[in-house]
Amino acid sequence: MQYLYETHCHCSQCSRCASSTSREMVAAYRQAGYAGLVLTDHFIFGNTAVDPSLPWPDRMQRYYDAYLYAKDAGDALDFDVIFGIEHAYGDGKEVLVYGIGLDFLLENPDIPTISLDELVRRIHAAGGVVIQAHPYRNRSYINMAVAPRTDLVDGIEVYNACNKPGEDRQALVLSRQKDFILTSGGDIHSAQDPRIGAAGIVLPYRVHNEAEFAAALKRREHQFLVSRQIVPQILETQLP
């Protein structure tokens, strides 16, 4: 059996750039044949829809509530919903974080003041995984002179369905620097987006929670969904 998971998507409760609720995203991905998704909303320094003036516990609960709202719908559909975040650490650069939950966020209220180095250290201590998101995305809000943090991250998002031609090819070259975990993600913000079904990872088993998803990435037993094709490895010829 093969089980398809979206590794990178957003919902309107927590990401200002999203237009669909987390439950609407679940329904769309279930319809597209996925076994599950990781909800990776923009976190505190990103394009978040969560009020930054709230006390830290309340802010973190808002992110988790969007996940719980989706999980209830997923459970009814036998669909796995997993919590994650997309953390902006400066200059428009972002990392995807897997394997942590609400407890981690509540136990680390100083996240706004610590360095990415320290945050990654704590994520690793908690068993989590950090992936550089769309490392060569070229947009006006991104400082392209700042290099991806290959010294810190565990992996590279090599295919992103929302990238422009050439950006993923650069990510693939970057991924060859060392033995990175590679991922494919849709970066989807709307349940009506026709790119649902274009990206993700394919596992030989189901994963049901944050710890299982992080462990699966570490085992590197996944294949990749690239431009709607399941492939065992990502090649330059497969990328736009």
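A polar contact here is a pair of N or O atoms within 3.5 Å, and within protein one of them must be able to donate a hydrogen and the other to accept it. With that in hand, let us walk through this predicted model, starting at a serine.

## A buried serine and its contacts

The backbone nitrogen of A191 lies 2.8 Å from a polar atom of the side chain of S20. S20 itself belongs to the loop between β1 (3-9) and α1 (22-31). Because its relative accessible area is 1%, and buried means under 20%, S20 counts as buried. Leaving aside neighbours within four places in sequence, S20 is in contact with C11, S12, Q13, M25, H189, S190, A191 and Q192. A191, the partner in the 2.8 Å pair, is thus also on the contact list of S20.

## The nonpolar cores

The largest nonpolar core has 61 residues, and Y29 and F43 are the ones with the most contacts inside it. Helix α2 (residues 56-76) gives the most to this core, with 8 residues. A second, separate core of 18 residues includes I82, A133, L203 and L217.

What does Y29 touch, not counting residues up to four places away in sequence? The list is E6, C9, Y34, L37, F79, I188 and I196.

F79, one of those residues, deserves a look of its own. F79 is found in the loop between α2 and β3, and at 2% relative accessibility F79 counts as buried. Beyond its neighbours within four places in sequence, F79 is in contact with V26, Y29, R30, Y34, A35, G36, L37, G74 and R206. Y34 and L37 appear here and also among the residues that Y29 touches. F79 and T183 are 104 residues apart in sequence, and their C-alpha atoms are 20 Å apart in space.

## Aromatic pairs around helix α2

The structure holds 6 aromatic pairs. A pair of aromatic rings is described by the distance of the centres and the angle of the planes. Two of the pairs share Y64, and their values are set out below.

| Pair | Centre to centre | Angle between planes | Description |
|---|---|---|---|
| Y64 and Y67 | 4.9 Å | 50° | tilted |
| Y64 and F83 | 5.2 Å | 65° | edge-to-face |

Why is the pair of Y64 and F83 edge-to-face? The planes of Y64 and F83 stand at 65°, and an angle over 60 degrees counts as edge-to-face, so the pair falls in that class.

The two pairs also have their own settings in the chain. Y64 and Y67 are separated by about one helical turn, because they are 3 residues apart in helix α2. The pair of Y64 and F83 links distant parts of the chain: Y64 is in helix α2, F83 is in strand β3 (residues 80-90), and they are 19 residues apart. Taken together, ring pairs link Y64, Y67 and F83 into a cluster.

Are Y64 and Y67 buried or exposed? Both Y64 and Y67 are buried. For Y64 the relative accessibility is 16%, so Y64 counts as buried. F83 counts as buried too, at 2% relative accessibility.

One further ring has a charge over it: R23 lies over the face of Y69, at 4.0 Å from the ring centre.

## An enclosed strand

Strand β7 (residues 181-185) is largely enclosed by the rest of the structure, because 5 of its 5 residues are buried. In a regular strand the side chains alternate between the two faces of the sheet. In β7, I181, T183 and G185 point one way, while L182 and S184 point the other way, and all are buried. T183 is also the residue whose C-alpha was placed 20 Å from that of F79.

Strand β6 (residues 155-160) runs parallel to β7, and 5 bridges join the two. Within this pairing, Y159 stands opposite S184 in β7.

## Two positive phi values in one loop

The loop between β9 (223-226) and β10 (229-231) holds S227, and R228 has its place there as well. Phi of S227 is near 50°, a positive value in a residue other than glycine. R228 is not a glycine either, yet has a positive phi of about 75°.

How accessible are they? S227 counts as partly exposed, at 36% relative accessibility, and R228 is partly exposed with a relative accessible area of 44%.

Technical notes
Residues are numbered from 1 along each chain as its sequence is written. This is a predicted model: local features need pLDDT of at least 70, side-chain atom pairs count only at pLDDT 80 or more; totals for chains, interfaces and linings use all residues. Side-chain values use heavy atoms; hydrogens and water are left out. Helices (H or I, at least four residues) and strands (E, at least two) are DSSP runs, numbered from the N terminus. Buried means under 20% relative accessible area, exposed over 50%, partly exposed in between (1.4 Å probe, protein chains only). Contact means heavy atoms within 4.5 Å. A nonpolar core is a set of buried Ala, Val, Leu, Ile, Met, Phe, Trp, Tyr and Cys residues joined through side-chain atoms within 4.5 Å. Rings of Phe, Tyr and Trp (its six-membered ring) pair if their centres lie within 6.5 Å; planes under 30 degrees apart count as stacked, over 60 as edge-to-face and the rest as tilted. A charge sits over a ring if NZ of Lys or CZ of Arg is within 6 Å of the ring centre and within 35 degrees of the ring normal. Two strands pair if DSSP finds at least two bridges between them.
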